[in-house]
Number of protein chains: 2
Amino acid sequence: DGAVNLDGADVMTVKSIYIVSDGTGWTAEHCVNAALGQFDYCLVDRGCPVSTHLFSGIDDAEKLLEITKQAAKEGAFFVYTLADPSLASAAKQACKLWGVPSTDVLGPITEAIASHLGVSPSGLPRGASGLPLSDDYFRRIEAVEFTIKQDDGACPQNLAEADIVLTGVSRTGKTPLSIYLAQKGYKVANVPIVLGVGVPRTLFEVDPKKVFGLTINPLVLQNIRRTRAKTMGLSSDGRSNYSEMNYVREELEFAGRLFAQNPLWPVIDVTGKAIEETAAVVLRLYHDRKHICTMPRISKRY
Amino acid sequence: DGAVNLDGADVMTVKSIYIVSDGTGWTAEHCVNAALGQFDYCLVDRGCPVSTHLFSGIDDAEKLLEITKQAAKEGAFFVYTLADPSLASAAKQACKLWGVPSTDVLGPITEAIASHLGVSPSGLPRGASGLPLSDDYFRRIEAVEFTIKQDDGACPQNLAEADIVLTGVSRTGKTPLSIYLAQKGYKVANVPIVLGVGVPRTLFEVDPKKVFGLTINPLVLQNIRRTRAKTMGLSSDGRSNYSEMNYVREELEFAGRLFAQNPLWPVIDVTGKAIEETAAVVLRLYHDRKHICTMPRISKRY
Ligand SMILES: Nc1ncnc2c1ncn2[C@@H]1O[C@H](COP(=O)(O)O)[C@@H](O)[C@H]1O
Ligand SMILES: Nc1ncnc2c1ncn2[C@@H]1O[C@H](COP(=O)(O)O)[C@@H](O)[C@H]1O
Ligand SMILES: [Mg+2]
Ligand SMILES: [Mg+2]
């Protein structure tokens, strides 16, 4: 999905979803993306093409009504997150008036939390409270910076500082997974496993509870490596046999033996898994092992 | 907020939020975080401490009911996203039965999209459809890998390949912002501006429509640099005057002159802004400039 301009013909067939927020719009966009997952079966073959239009920073009634009017013209569905209750109810009423179907994504959960906590929501959009960015926020940025520096085994001497260490052969997704976890606040290091080349000694010196092995189906890996070899021009790391089936199998077996010798490292099969799915598995295991719980969960204090 | 184990005393005072998903739980967590933003004013001083507990991969009734029961014991609020309608209604009924307040985060938006598109939701959780990962998904991973390689001006010869180029002095958040944008599918390069050191010539050769200058209040920058200098031991890049006010001011003025000489580059003040907020501003401007629209928006096709 890339950026598009609707032309006349499109307007007739493409179903529009308007996403409106007084903040960044990322929360509502995340929800729309997850909900659209339920319609993948007809989206992928373009049986029902959908366009989303994200409007961020909408914090006054005038802009809001203009967008609502445009949504009505385009026959769009209108999704919004507006902290100011009077703006939220203006959106609801304008949509009703102009026959635009609409959903308030956060209204219900915010109200439910309010009565759970016994306090009222501030009604102020993101950034308007004047509260400083939290320590947790700066910790997450530090985790991203740490993680980038350790990428691809760059600083094996720093493994001890990492919260999580990922290891696996090339193209098991170590880098994007590391970055994804880093943005959630974990300092991640990743160590490549290369056939015939040892891993750094420090990998065996760190707490095995924080090490995770990644594996993948050999056919799928070969496919990914071939595609990569094509876009990079020959093999990405100078190994010409990088995507040959024998080599792929041998390298995965080499990794498998390393994992077998370190039975405390959980091994995660990433075949067909999106990065965020593997991240969910890693973090569930990570928190289970840190806090022996009756039920697997990730807990946080606010 | 770090991981916590509830002990007896905590259970009495801390309000729990249970987050349950048949997928990763990241969507519901994102919503809870945004909604909790409305209560920042009482969370920050721990006036009303809150704990979240994330349960991912909950795709059968037995696990679901066990968690619901535990939520009842803890007096928790229960937030869920469950694609299977029978599981979703089981959650709703169990919560009702045991007096647990609950919110279905995606149910309403999924139903609304279904009637908008005139098709039914699959009812299958993430990963269960057997559909392959999309091209768009692999493009996002490629963007992350590209962006990491270009970090901190590493490959000025590759600026032409980037979708977005960020430039600014040290500690304006170029790296985390680049990574955030990369995960949304944009190839980002960032070019540091250092007092007395020129920027690479290639910066002036790329389409100015994709270059963004970052600036920040000098006092705030000095503070950030001081904190960094402390954690890194002296100055992070060997410049001992790195966080001295005169130096900070001069360097920002140096950047300001560069920006003035390139009036087509928008300059974004990142003071007090979270990375995701700056990202929203960058992408709004980026899409406005690519597609002259009557209303600023970011559009995507699915
Ligand atoms: N830290 C925060 N404080 C107050 N409101 C917030 C915060 N984060 C997000 N929100 C609100 O939650 C909704 C979603 O935010 P966003 O994802 O930025 O669109 C918007 O209405 C924001 O104003
Ligand atoms: N690509 C997808 N296909 C089907 N369902 C999805 C998809 N992505 C997310 N979902 C569903 O949306 C909800 C939120 O997903 P998650 O963020 O993984 O917890 C869960 O009920 C998932 O099963
Ligand atoms: Mg939003
Ligand atoms: Mg979820």
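In this predicted model, helix α7 of chain A (residues 135–149) packs against helix α8 of chain B (residues 174–183), with an angle of about 85° between them and their axes 10 Å apart. Because angles of 65 to 115 degrees count as roughly perpendicular, α7(A) is described as roughly perpendicular to α8(B). On the α7(A) side, the contact is built from I141(A), V144(A), E145(A) and I148(A); α8(B) answers with T175(B), P176(B) and I179(B). Sorted by class, the residues of this contact are 5 nonpolar, 1 polar and 1 charged.

It is helpful to turn next to how the two chains are related. A turn of 180° with a shift of 0.0 Å along the axis lays chain A on chain B, with an RMSD of 0.0 Å. The two copies are thus related as by a two-fold rotation axis. Both copies use the same surface, and 100% of the contact residues of chain A recur in chain B.

Helix α7(A) also takes part in the second largest pocket, which has a volume of about 1,500 Å³. Its lining comprises 50 residues, and those nearest the pocket centre are I141(A), E145(A), R171(B), I224(B) and R228(B). Two of these names are familiar from the helix pair, I141(A) and E145(A) being part of the contact with α8(B). At least two lining residues come from each of α7 of chain A and, in chain B, α8, β6 (188–193), α10 (218–232) and α12 (275–290). The most is given by α7(A), with 10 residues. By class, the lining divides into 21 nonpolar, 14 polar and 15 charged residues.

Definitions and conventions
Residues numbered from 1 in each chain as written. Chains lettered and ligands numbered in written order. Predicted model: local features only at pLDDT ≥ 70, side-chain atom pairs only at ≥ 80, totals over all residues. Heavy atoms only, no water. Axes fitted to C-alpha atoms, helices over the stretch in contact; angles between N-to-C directions. Helix = DSSP H or I, 4+ residues; strand = E, 2+ residues; numbered from the N terminus. Parallel < 35°, antiparallel > 145°, perpendicular 65-115°, else oblique. Contact = heavy atoms within 4.5 Å. Nonpolar A, V, L, I, M, F, W, Y, C, P; charged D, E, K, R; others polar. Least-squares fit on C-alpha atoms with pLDDT ≥ 70 in both. 1 Å grid on protein atoms, 1.4 Å probe; cavity = no way out; pocket = protein on both sides within 12 Å on 5 of 7 lines; lining within 4 Å. Points joined across faces, edges and corners; volume = space filled by probe spheres on them.
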